[in-house]
Amino acid sequence: MTVNLTLLLVMGVLFAVGVYLILERSLTRVMLGLMLITNGANLLLLSTGGPAGLAPIFGVGVPAEAYSDPLPQALILTSIVISFAVTAFMLAIIYRSWVLGRQDEVQDDIEDRRVANQPTFDAEDDAEIPAETTEFVPPDEAEETPATNRARTEREK
Amino acid sequence: MNAAQIAPLAVVLPLLGAALAFVLIRHPNAQRRTGAITLTVTLAVEVVMLASAWANGAQAVNIGGWIPPFGITMVVDELSALMLVVSSAVSLAVLLYASGQGMADSDEEGPVSIFHPTYLILVAGVSNAFLTGDLFNLYVGFEMLLTASYVLMTLGGTSPRIRAGVTYVVVSVISSMLFLVSIAMIYAATGTINMADLAIKLGELDPSTQMTLHLMLLVAFGIKAAVFPLSFWLPDSYPTAPAPVTAVFAGLLTKVGVYALIRTETLLFPGDRLNTFLMVVAVLTMLVGILGAVAQIDIKRMLSFTLVSHIGYMVFGLAMSSVVGLGAAVYYVAHHITVQTSLFLVAGLIERRGGTTNMDRLGGLAKLSPMLAILFFVPAMNLAGIPPFSGFLGKIGLVQGGVDLGSPIAWVLVAGSMITSLLTLLALARVWNRVFWRRPEDAEHPDPVLVATKPDGSAVRTTRHVEERPHGRFTGRGIVQLLPMPMVWPTIGLVVMGVALTVFAGPLFELSDQAAREMLQRTPYIEAVLGEGAMQGVAP
């Protein structure tokens with residue numbers, strides 16, 4: 001199979017720039033990066049069809065090798081439509097993010113921060129359990145119960 | 001009858017239902033009915049397909065009458081039919097639950113009218129991914145379900161959901177791009193994207209090319225299935241979505257990734273070239289996931305980590321490439337879809353009843369709502385693998401496969417799966433002790449409403465003044481039905497289905513072992529698509 005060098009170079013640049021943009025924190029750049037990578041992938045699909053030929057519409061007397069490969073073109077068409085939908089959705093998210101917070105940067109996860117900052121001491125698992133030595137509590141330390149309350153109110157009468 | 005003839009219905013019916021639900025966007029009741037009826041009919045069609053596939057083995061249909069390998073084929077075999085039936089049953093239950101929630105809240109928050117059409121498209125995408133016999137159509141199925149899931153994930157457009165949605169969308173798009181690039185490379189190498197045809201032609205390639213293509217597919221599907229170290233996105237994004245959405249994502253989306261991994265490993269790239277690698281990945285997924293789960297204090301996040309961890313079991317079964325191991329993995333997928341979804345639905349009910357899923361605030365729910373406690377306890381024990389539940393049976397199958405294999409790494413995996421099972425039990429017992437068993441005032445940050453609530457729930461409605469304080473802290477927790485029956489019934493249904501997996505474990509294991517045997521032979525699948533004798537002259 002012959003490979004078109006121009007396509008290959010363009011593809012490489014698209015992928016490289018796309019990866020660079022995805023690693024940014026700004027959502028708009030991430031979206032642009034995704035678009036570039038999608039286009040790189042589409043070019044890759046296109047180049048798998050081999051060299052260009054006639055349009056893949058049946059003509060009498062045209063040998064099979066003269067046509068372009070129609071399948072990659074069908075695949076690219078599908079992939080373009082899908083990436084169009086995803087891009088539209090990303091734009092909606094970016095706009096919503098801007099409306100909500102006046103920013104389009106990727107935010108830290110609050111829960112992750114919390115887990116990272118939590119102390120190693122866990123009150124439920126690590127606290128010392130006070131040892132009970134006796135079931136019988138001395139009367140002066142006994143908690144007030146309804147019975148003692150009633151006794152006191154009767155005394156006050 | 002050839003079951004594959006009706007296979008396209010499993011995709012077309014939900015799509016038509018979605019269109020109808022979209023037309024009925026101003027009539028919530030009609031939308032609910034459309035969704036429920038569509039999914040019930042789809043489920044019935046899929047049960048017929050399962051029965052036929054069980055009796056006759058793999059069958060294929062060529063969409064549009066194109067001769068394979070040129071057109072798109074749909075293949076119904078034991079694995080895809082079983083996945084379809086389980087996933088449709090689960091998505092029907094979740095749809096009923098979501099409808100119940102919508103009715104109870106009288107659709108007050110967010111554009112919920114978009115939920116039903118999107119949800120049906122998601123189901124269509126899942127069905128398409130399970131049925132297709134064409135690699136690019138698998139990509140289309142993935143994109144259908146992913147695009148629908150983006151919308152569901154950010155439903156209502158609140159700030160936390162947008163934040164989580166961004167992570168989810170970017171990671172999913174990147175994994176889809178990797179998949180698309182792999183498809184392009186596979187087409188360049190072989191000139192076909194029909195999976196049965198690829199199964200023959202990929203074997204004729206140079207081993208190093210095979211390795212590259214194999215690894216690229218594994219990475220792409222590994223992100224979707226949330227296999228460590230590609231699972232970081234899942235616990236960040238799933239818990240913020242509405243409860244029914246999280247439940248259906250947890251049940252279905254990662255399993256579609258696992259399904260794609262199974263097909264890659266058995267049909268496209270058979271042999272044990274990467275088995276050791278997969279086993280290492282499986283044990284890391286299990287352990288890292290479950291250690292994350294033990295550290296969480298939010299029930300939904302904890303469940304998301306157990307989800308990641310238990311993907312490891314499926315990869316373990318897959319990596320063994322034996323009938324016992326693969327059969328157990330298939331059974332485990334069916335078990336895990338049901339149980340994980342029911343746990344997330346119960347988490348949604350806990351959130352409604354207790355106002356939060358934060359374990360530091362909750363307490364005393366067992367007294368408040370014994371039914372909720374039972375609904376949590378049964379799937380929790382099921383997930384942890386306590387006998388006689390289906391989780392135990394699946395794990396026994398996996399361990400048996402590992403012991404049969406007997407290599408050192410297999411023993412490491414057997415030990416790892418035991419430890420993971422115990423730690424799962426620990427994580428779920430913590431939820432049980434804190435949320436259900438202790439008194440509400442023993443919580444780290446006791447919830448005043450829960451502390452004030454009497455067991456009959458009488459104090460709840462008098463202490464919350466929603467009308468006077470529309471933006472108060474109890475907004476949305478006030479005069480609502482706490483446990484509406486339309487939400488409880490689907491949950492009960494799923495919990496019962498989880499138990500039924502134990503009751504019917506015998507026939508199910510027979511089915512999954514048969515599926516595993518046919519997948520490892522590969523001949524039934526390939527001959528169903530390409531016709532008899534297609535495997536002649538091909539090295540097994």
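This passage describes the fold of chain B and a few local features of its backbone in a predicted model. Local features are restricted to pLDDT of at least 70 and side-chain atom pairs to pLDDT 80 or more, whereas totals for chains, interfaces and linings use all residues. Residues are numbered from 1 along each chain as its sequence is written, chains are lettered from A in the order in which they are written, and side-chain values use heavy atoms, without hydrogens and water.

Chain B contains 22 helices and two strands (DSSP runs, H or I of at least four residues and E of at least two, numbered from the N terminus). Its C-alpha trace spans about 80 × 55 × 40 Å along the principal axes. The radius of gyration is 23 Å, in agreement with the value near 24 Å for a compact globule of 540 residues (taken over C-alpha atoms; 2.2 Å times the number of residues to the power 0.38). Of the 540 residues, 64% are buried (under 20% relative accessible area, with exposed over 50% and partly exposed in between; 1.4 Å probe, protein chains only). Among contacts (heavy atoms within 4.5 Å) with a separation of 6 or more, 80% join residues 24 or more positions apart.

Helix α1 of chain B (residues 9–23) has its end C-alpha atoms 21 Å apart, as expected for 15 residues (1.5 Å times one less than the number of residues). Its buried residues include B:Leu13, B:Pro14 and B:Gly17. The buried residues of α1(B) pack against α2 (28–56), β2 (73–76) and α4 (115–131) of chain B.

B:Phe305, in helix α12 (residues 299–319) of chain B, is buried with a relative accessible area of 17%. Beyond its neighbours within four places in sequence, B:Phe305 contacts B:Pro235, B:Gly289, B:Gly292, B:Ala293 and B:Gln296. B:Gly289 is 16 residues from B:Phe305 in sequence, with a C-alpha to C-alpha distance of 5.2 Å.

Most residues other than glycine have a negative phi, and most peptide bonds are trans. The bond from B:Phe228 to B:Pro229 is cis, with omega near 5°; B:Pro229 is in the loop between α8 (207–225) and α9 (233–237) of chain B. B:Pro387 and B:Pro388 are also joined by a cis peptide bond, with omega about 5°, and B:Pro388 lies in the loop between α15 (370–384) and α16 (390–405) of chain B. A positive phi, near 45°, occurs at B:Ser321, which is partly exposed at 30% relative accessibility. B:Arg522 has a positive phi of about 70° and is buried, with a relative accessible area of 7%.
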